[in-house]
Amino acid sequence: MRKKLLSMAILLTASSSLFAAEMYDPNKNYSTKEQVQFNGNIFEAQWWVNQNESPATITQNTWESPWIFISASEAITSEAITPEDVLPLPPPAEVIPEIEQVSQVKYVQIMNEMAAQMVQRVSELKKYAQNPDFYFFKDGKKFIKINDIDYEIDAEHGTPIIPLRNWADDSATRNLFSFFDQDWEFSMYEGGAVVVNKTWGNYDWGNGCVLEYLPNGHLESDYVLNEAFTCMDGSDKHEKPDATSIAPYKFGVDVAHSNMVSIEQLGDKLIVAQSPSAGNSPMVGISPMVGIYDTKANTTTKILGISEAQPYKGLDDLRSHKSQLFVSAISAHDRIDVFNGETNQYQYSYAVQHNGSGKIAVNDQYILVADADHIAVYHNTPATLGETKSIQPFAYLAYAHGRPFTLEFIGSKLLTGGSQGSAVYDLAALSQNITLQPMHKNLGAFESMDANDNYIFVKENNGQHIDATTRFAMYDIQQFIANDYQFKDAAKAVYLLDNFWVSGHDLIVNNNEIITLTPSIIESVPLDKLDTLDFTPNAYVPTAQLEFDALPQTASVRKILQDGLTEGSQSISANIDSLVNIRLLDRNTVEITNFTGIDLSNLDLDIKAHSQHNWARLANLDKLPAYTRITLPITDLNIDKSFNTTDGSGVYNYTGMLSTLDGQGNTYGHYGTQHLIDSRFATETKHPLLDKLNKITATWDISFTDMLLGSTNTETPWDANSIKRHIELLTNVAYIVSSDSFKNKLMNYKENYGHDLYLYGTTFKTKAQKESLLNKTLNSNGFVNYRQTSGFQNTFSFGKSAGTVFGVSDKELDKVERGEMQDFALYLGEQFGQNWYHDCPPMPCTWTEIHFAKLFVDVYNELDKAGELPY
């Protein structure tokens with residue numbers, strides 16, 4: 001009886017549209033407001049519709065088709081409802097208790113990152129302690145030495161025990177975990193350490209905000225505890241954050257095993273796909289599932305599978321389309337499951353065969369699946385209730401940059417994004433069994449995206465930097481289409497949220513907010529709260545014309561790198577790509593420095609934030625003498641911090657972006673103006689050195705500091721001459737690795753030397769491997785220079801960039817300047833080739849870097865003999 005009532009209910013709910021709309025006839029014209037049935041759905045004419053203007057042409061942009069979608073027709077007869085078609089009731093919703101979300105999201109993220117660094121450091125130290133070249137025995141106990149401090153090794157676990165010097169001395173702990181700065185305090189505990197942030201941490205064990213390292217194995221395999229329950233500011237004076245965090249428990253997700261891979265929105269419902277790693281036991285709470293949080297009703301619904309007998313073993317992606325939810329379970333089940341988005345009830349499945357996991361995209365016409373090989377295009381033809389319908393690809397899309405992370409329909413086009421690059425496909429050009437190539441494939445790299453009525457929101461990743469800068473960029477849809485579906489300048493871009501860099505591997509937007517997803521955190525930010533870099537097309541502002549002899553009274557001028565080094569070594573910061581360096585010291589102050597020995601005239605000074613498409617003209621300066629620095633307020637150049645693009649396409653306004661930035665980044669990755677802003681210059685001055693500098697394509701940041709961990713045994717204070725010699729040395733190195741000769745010898749290494757290149761544990765055989773090495777060599781190195789008393793600065797580093805710690809003694813510099821390059825070339829191989837790679841100190845490490853050294857020395861000799869080197 002209940003089944004018959006269900007049939008009647010379906011017929012009654014369908015009747016209002018089923019009998020009011022006729023089947024679409026391609027030979028008819030339709031007037032405004034007329035409705036038709038097509039492919040099981042009801043469509044309505046927005047205006048006069050000519051013959052053969054089918055509803056199949058509908059896109060998400062309503063202006064591109066005369067038809068708009070009204071509803072599913074639900075054209076199901078009583079004969080179609082058989083007992084086996086009646087599905088189980090949808091999963092029940094659970095009311096969520098109102099639990100205060102105490103921990104601020106940004107602090108939880110910091111804690112997670114610092115814990116990860118501790119785990120990595122402990123793993124490295126354990127390997128270090130297993131190498132007979134580094135450990136020694138004293139009084140029958142095993143030790144290692146790090147920066148002249150001896151650490152006993154736990155006999156059972158192979159982990160270093162922190163020596164207790166006195167209760168006020170935490171230098172042994174800071175030496176071990178040197179990535180913590182003075183914002184953190186250490187306490188000794190059972191041979192390990194407890195770490196707490198001084199501003200927002202606390203020692204309330206079990207409900208606190210604390211990191212702990214125990215070498216005795218009490219904390220299981222990784223020896224590190226991360227407790228981040230109550231990480232919050234210590235007083236109410238702090239500005240209320242713009243972002244609102246949504247706790248995983250609201251989706252039914254256990255935060256301890258959280259691995260949320262995708263997020264979608266249907267009306268008031270936020271929906272996540274939770275897919276724990278394979279190592280987790282399949283118990284309720286950490287099993288793969290779809291978690292639905294009804295924000296209006298404050299209830300949670302968990303979908304654990306398509307039935308109790310068929311639970312999920314893994315999930316890849318989610319997509320909402322109209323009133324349906326599509327769940328990609330391809331990697332675990334070779335299925336795409338479809339649920340009613342209003343009732344959460346299972347409807348039907350598509351059986352598909354793919355290589356690996358599958359990201360999906362859905363519109364009225366197509367279901368797209370991106371696997372390891374290509375994007376498969378399926379027709380979106382609904383199945384019957386309860387059916388698992390086997391479908392075959394209609395066509396394919398070829399990859400331009402490997403598997404994308406994200407797919408988005410933009411009208412009749414498909415936009416795909418990945419970490420190696422992005423592409424656009426014209427779906428109107430699809431043909432049966434044909435593999436379609438992208439119409440554009442030179443778009444930048446990005447990791448996630450979504451679109452609303454006005455903008456395409458893209459999380460962009462500037463992959464040129466080892467600490468890749470991410471931002472949310474908002475591209476005007478109409479401008480994107482007008483630019484032939486290519487990204488030019490973002491209308492808005494945001495780099496920081498609540499003074500914390502943007503994050504999230506998936507995002508959704510509506511007209512009011514952006515919601516981002518990480519494996520364990522969901523954040524929502526109102527669009528009007530974003531502090532953005534803004535671009536206005538076809539606009540113009542006057543460019544500042546600076547006269548060196550008549551600078552504003554607020555400007556200061558000084559000579560640098562003179563005897564006495566009165567500016568201090570830590571103020572010497574440049575980029576090898578632009579030895580006239582423009583830095584934003586902070587959000588209000590510009591510093592312009594000539595690091596060359598040449599008097600320059602008529603300079604154009606440009607800046608560009610990471611991932612910004614165009615350079616902005618900061619000012620024109622009539623002259624800048626050798627080794628001279630100008631410091632002045634940015635408002636002396638433009639009162640509202642607006643600057644023209646160098647190609648004349650419009651104006652960038654930096655006011656909102658700069659309002660969130662400090663001058664320098666710190667341990668946690670809070671990027672500052674000195675990290676995010678690149679610079680370049682052009683000058684009328686003609687000089688052979690400038691011609692050579694213009695050939696350098698390396699983008700290395702170089703800076704100088706006096707002491708590493710306060711050690712006075714291997715380092716000595718800088719003087720101006722030694723700094724100049726280091727700048728000149730690194731400039732020559734940059735010129736060498738930027739040269740065609742270096743590139744050709746690297747790419748054809750085996751042909752030149754009779755064997756493959758072996759460097760830092762890797763044998764470089766393929767073209768792709770060598771191109772990656774060259775790209776990282778040119779773009780991902782940063783050199784923090786320490787002046788050595790003798791030899792070379794040990795590359796056992798704690799920085800974030802490859803080769804981050806660098807330094808050559810005056811004696812080694814003398815050898816280099818005499819052309820004795822072998823030892824330096826070996827050392828340089830380590831700088832380029834490793835980051836925390838500890839298999840062969842002390843330096844140089846002759847048995848792994850000898851191949852790189854041979855290459856470098858050969859190119860050096862060639863360029864030196866030809867007189868091509870800058871210095």
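The points below go through a predicted model of one chain, from its overall make-up to individual helices, sheets and loop residues.

1. Overall make-up. The chain contains 15 helices and 60 strands, and of its 871 residues 54% are buried. When contacts between residues at least 6 apart in sequence are considered, 59% of them join residues at least 24 apart. The accessible surface of the chain amounts to about 37800 Å², and carbon and sulfur atoms account for 49% of that surface.

2. Helix H10 and its surroundings. Within helix H10, which spans residues 740–747, the residues Ser 741, Phe 742, Leu 746 and Met 747 are buried. These buried residues pack against several elements, namely helix H9 (720–738), helix H11 (749–753), strand S57 (757–759), helix H12 (767–779) and helix H15. Two of these neighbours, H15 and H12, are taken up in the next two points.

3. H10 against H15. The axis of H10 comes within 10 Å of the axis of helix H15 (residues 850–865), and the two cross at roughly 145 degrees, in a right-handed sense. On the H10 side the contact is made by Ser 741, Phe 742, Lys 745 and Leu 746, while H15 contributes Phe 852, Leu 855, Asp 858, Val 859 and Glu 862. Sorted by character, the residues of this contact between H10 and H15 comprise five nonpolar, one polar and three charged.

4. H10 against H12. Here the helices pack at an angle of about 145 degrees with their axes 10 Å apart, and the crossing of H10 and H12 is again right-handed. The participating residues are Phe 742, Lys 743, Leu 746 and Met 747 from H10, together with Lys 767, Lys 770, Glu 771, Leu 773 and Leu 774 from H12. In the contact of H10 with H12 there are five nonpolar residues, no polar ones and four charged ones. Phe 742 and Leu 746 of H10 thus appear in the contact with H15 and also in the contact with H12, and both residues are listed among the buried ones of H10.

5. A mixed sheet with H9 packed on it. Strands S47, S56, S59 and S60 form, in that order, an open sheet in which the pairing is mixed. Its edges are strand S47 (573–575) and strand S60 (805–806), each of which pairs on one side only. H9, already met as a neighbour of H10, packs on this sheet and touches S56, S59 and S60, its direction making about 160 degrees with that of S56. Inside the sheet, strand S56 (residues 701–704) pairs in the parallel sense with strand S59 (residues 782–785) over four bridges, and Asp 701 stands opposite Gly 782 of S59.

6. An antiparallel sheet. A second open sheet has four strands in the order S30-S31-S32-S34, and its pairing is antiparallel. Strand S30 (406–410) and strand S34 (440–443) are the edge strands, each pairing on one side only, and neighbouring strands of the sheet are turned against each other by 20 degrees on average, with direction ignored. Between strand S31 (residues 413–418) and strand S32 (residues 421–426), which run antiparallel, there are six bridges; Gly 417 stands opposite Ser 422 in S32.

7. A buried loop residue. Thr 518 is located in the loop between strand S42 (513–517) and strand S43 (522–526). Its relative accessible area is 9%, so Thr 518 counts as buried, the cut-off being under 20%. Leaving aside residues up to four places away in sequence, Thr 518 touches Met 260, Ser 503, Gly 504 and His 505.

8. A loop residue brought together with a distant part of the sequence. Met 232 lies in the loop between strand S13 (224–228) and strand S14 (244–246), and with a relative accessibility of 40% Met 232 is classed as partly exposed. The C-alpha atom of Met 232 is separated by 5.8 Å from that of Gln 104, although these residues are 128 apart along the chain.

9. Positive phi outside glycine. Asp 334, which is not a glycine, has a positive phi of about 55 degrees; this residue sits in the loop between helix H4 (330–333) and strand S23 (335–340) and, at 27% relative accessibility, is partly exposed. Asn 538 likewise has a positive phi, near 60 degrees, and is found in the loop between strand S44 (532–537) and strand S45 (544–546). With a relative accessibility of 73%, Asn 538 counts as exposed, because the value is over 50%.

Terms used. Residues numbered from 1 in each chain as written. Predicted model: local features only at pLDDT ≥ 70, side-chain atom pairs only at ≥ 80, totals over all residues. Heavy atoms only, no water. Buried < 20%, exposed > 50% of the residue type's maximum accessible area, 1.4 Å probe, protein only. Contact = heavy atoms within 4.5 Å. Areas by Shrake-Rupley, 256 points an atom, 1.4 Å probe, with all protein chains shown as cover. Axes fitted to C-alpha atoms, helices over the stretch in contact; angles between N-to-C directions. Left-handed = near helix turned anticlockwise from the far one by under 90°. Nonpolar A, V, L, I, M, F, W, Y, C, P; charged D, E, K, R; others polar. Pairing = 2+ DSSP bridges.
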